[in-house]
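User: I'm new to reading protein models, and I'd love a close look at one part of this one. Could you walk me through it slowly?

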Amino acid sequence: MTITQKNLLAIGGAIIVLLMLFSWLGLTGSRASQTAGALMILGMTVGSFLNVLIFRLPKMLEYRWRMECADASGQTIAQTAAMTLSRPRSHCPACQTPLAAWQLMPVLSFLLLRGRCANCAAKINPRYLLVELGLGSAFACIGWNYGIQPTTPAYLALIFLLTALALIDCDVKLLPDALTQALLWSGLACNLFQLFVPLQDAVIGAMAGYLGMWLIAAVFRLCAGKDGLGRGDFKLMAGIGAWLGWQQLPLTLGAGAICSALCGGILIHFKRMNRDTPQAFGPYLIAAACLAMLRGNEIIGWYFSLASGHHNG
């Protein structure tokens with residue numbers, strides 16, 4: 001490959017990123033910066049796998065559903081090699097050329113390739129880069145704020161699962177059972193040791209999350225004559241309740257509904273969506289759950305103090 005000015009700029013950008021990471025690793029810094037830097041690298045690496053999961057899991061489920069439907073109806077369809085998370089090898093979607101190991105490095109590969117396939121020069125979707133940087137930044141924030149303690153791996157697992165669910169729901173309006181069940185059981189498992197809330201609050205949260213969403217969906221169906229929520233949303237709220245406890249469910253649901261209504265209204269106003277277009281609700285619930293996880297107790301305390309002051313006044 002000929003060294004051009006663009007190549008040099010890309011290599012220079014990659015070197016700058018590396019220098020920033022090594023600086024953040026804390027060669028001359030604090031323990032917090034060391035932890036944040038290490039977790040940022042881990043997050044970008046996990047983000048690379050997350051990109052694969054987001055793209056392949058819905059296709060794997062679709063293939064399985066087609067096979068089950070064909071078997072149940074007695075139809076015969078052409079058998080093709082089932083996609084897995086590891087097969088086939090990662091490749092360019094435009095020219096199908098398998099990617100070399102150096103083209104799979106998180107963030108750095110995108111910079112070195114200048115956002116294009118090395119073989120056919122097709123543009124690489126920048127979302128791959130954004131997911132890697134976003135998850136790396138989220139992991140770094142956890143490391144900076146909490147350091148290394150028993151809750152740190154739990155926070156990382158929670159962020160990974162919520163990010164995967166949000167992006168898949170955005171793409172295909174699906175919240176896969178494989179992820180919502182993992183969210184539910186991992187939340188209960190963590191709270192066996194009261195990492196976030198007492199186990200009793202977690203169990204009640206799981207039950208209330210599912211039943212509460214089921215009740216809302218039933219009332220909506222009765223009033224509107226159509227479904228307004230999917231069962232994946234029920235399971236998602238059950239998982240959030242298992243992690244954060246029942247106390248955070250009203251804030252999660254309320255903030256999620258407000259964000260969904262505002263974003264939907266804006267899209268309808270600018271004619272990017274009509275009123276009958278279904279909208280994924282999962283990403284809004286997940287964003288609200290992250291708010292509840294980080295600042296939920298403060299927001300609830302502020303609300304009750306405000307309500308108490310208004311009542312006293």
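How are α5 and α6 oriented to each other, roughly parallel or roughly antiparallel?

Analyst: Happy to help! This is a predicted model, where local features need pLDDT of at least 70 and side-chain atom pairs count only at pLDDT 80 or more, while totals for chains, interfaces and linings use all residues. Residues are numbered from 1 along each chain as its sequence is written, and side-chain values use heavy atoms, leaving out hydrogens and water.

Helices here are DSSP runs of H or I with at least four residues, numbered from the N terminus. Helix α6 covers residues 177-191, and α5 packs against α6 at about 160 degrees, with the axes 10 Å apart. Axes are lines fitted to C-alpha atoms over the stretch in contact, and angles run from 0 to 180 degrees between N-to-C directions. Angles over 145 degrees count as roughly antiparallel, and α5 and α6 are therefore roughly antiparallel to each other. Their crossing is left-handed, meaning that the near helix is turned anticlockwise from the far one by less than a right angle.

Now for the residues that touch, where contact means heavy atoms within 4.5 Å. From α5 come Ala154, Leu158, Leu161, Leu162, Ala164, Leu165 and Ile168, and they meet Leu179, Thr180, Ala182, Leu183, Ser186 and Cys190 of α6. By class, this contact of α5 with α6 has eleven nonpolar, two polar and no charged residues. Ala, Val, Leu, Ile, Met, Phe, Trp, Tyr, Cys and Pro count as nonpolar, Asp, Glu, Lys and Arg as charged, and the others, Gly among them, as polar.

Helix α5 (residues 151-172) has another partner, helix α4 (residues 127-146): their axes come within 10 Å and cross at roughly 155 degrees. That makes α4 roughly antiparallel to α5.

Notes:
Helix = DSSP H or I, 4+ residues; strand = E, 2+ residues; numbered from the N terminus. Parallel < 35°, antiparallel > 145°, perpendicular 65-115°, else oblique.
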